[in-house]
Every structure is written in structure tokens, then in C-alpha cells.
Amino acid sequence: MAVPLDQLPKEAFREIRSRKWLSFFVFLAVSFGTLVVGAFWPQQFTSRSVIYVDDQNIIRPLMDGSALTTKVKDHVASVEEVMLSRRVLTRLAEMEDIWGL
């Protein structure tokens, strides 16, 4: 016998009430299984980033002969110099939480 869609929730709750202990133990087993899996799942997080730098200036063909264009390689060199400076690398090495200790 097919149940109309508007009466389906009412029938589902009636079935759950009539088999309340079975429903309780199924809920308990699923909850406990989720708890066990969550407790023993390895807590490992990975993060990556990739920075692409184009060494050609996009404005150069448009502004050819009418304005000066900046050199992107100079900007890349300055960023690289700051990122690899002694001060930044020292602060990075002293961070304990970054090494997972």
C-alpha cells in the first residue's frame, strides 16, 4: 500500500514510536560508532599555497612609448629578500606551534 507524501512523516513517526527500543539502539550504535571513529581518526592537517608570479608586465604592450612601466622582477626580488631575511626566518624558527611540538 502506497502512502501519500503528505502523510509520510506522520507514518514514519508512528513506526518509530511502535519500535522505540529498536530505534533507540540503532541511534545509540550509530552515535557510538561516530564517536569511536572521531576519537581514533588521525588529526592531521595539510595546507599548501602556490604563488605564481608573471615576470612580464601586462601594461607594457598597451602603453608602449607613452609611459614608463615597472619591472615585475624587481618586485619579486624585493619580496623574496624580505621573506628570506634573517629577522623573518628567525621568528619562523622560534614559533613552536608551527613545528607541531
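Biologist: How many helices and how many strands are there in the protein?

Modeller: The protein has four helices and zero strands, where helices (H or I, at least four residues) and strands (E, at least two) are DSSP runs numbered from the N terminus. From the N terminus on, the elements run α-α-α-α. The model is a predicted one, in which local features need pLDDT of at least 70 and side-chain atom pairs count only at pLDDT 80 or more, while totals for chains, interfaces and linings use all residues. Residues are numbered from 1 along each chain as its sequence is written, and side-chain values use heavy atoms, with hydrogens and water left out.

Biologist: What makes Glu11 and Arg14 a salt bridge?

Modeller: The term requires a side-chain nitrogen of Lys or Arg within 4 Å of a carboxyl oxygen of Asp or Glu. The closest N and O atoms of Glu11 and Arg14 are 3.0 Å apart, so the pair satisfies the 4 Å limit. Both residues lie in helix H1 (residues 8-18), three residues apart, about one turn of the helix. In general, side chains of opposite charge can pair when their charged atoms come close.

Biologist: Which residues are linked in a network of salt bridges?

Modeller: The network links Glu11, Arg14, Glu15 and Arg19. Arg14 also forms a salt bridge with Glu15, with the closest N and O atoms 3.4 Å apart, and the side chains of Arg19 and Glu15 meet at 2.2 Å, N to O. The whole structure contains three salt bridges.

Biologist: Why is Glu11 called partly exposed?

Modeller: Buried means under 20% relative accessible area, exposed means over 50%, and partly exposed lies in between (1.4 Å probe, protein chains only). Glu11 has a relative accessible area of 26%, and therefore falls in the middle class. Arg14 at 43%, Glu15 at 34% and Arg19 at 44% are likewise partly exposed. Of the 101 residues of the protein, 2% count as buried.

Biologist: How do you know that Phe24 and Phe25 form an edge-to-face pair?

Modeller: Rings of Phe, Tyr and Trp (its six-membered ring) pair if their centres lie within 6.5 Å; planes under 30 degrees apart count as stacked, over 60 as edge-to-face and the rest as tilted. By this rule the count comes to three aromatic pairs. For Phe24 and Phe25 the centres are 5.4 Å apart and the planes are at 65 degrees, so both criteria are met. Trp21, Phe24 and Phe25 form one aromatic cluster. Phe24 is partly exposed at 39%, as is Phe25 at 48%.

Biologist: What makes the nonpolar surface patch, and which helices supply it?

Modeller: Patches are made of residues with over 30% relative accessible area and no salt bridge; like charges are joined within 9 Å, and nonpolar side chains (Val, Leu, Ile, Met, Phe, Trp, Tyr) within 5 Å. Val79, Met83, Leu84, Leu89, Leu92, Met95 and Ile98 make a patch of about 630 Å². Helix H3 (72-83) and helix H4 (86-94) each supply at least two of its residues.

Biologist: Why is Leu84 called exposed?

Modeller: The relative accessibility of Leu84 is 54%, which is over 50%, so the residue counts as exposed. Leu84 is placed in the loop between H3 and H4.

How values were computed
Accessible areas come from the Shrake-Rupley method with a 1.4 Å probe; for residues, only the protein chains shown count as cover.
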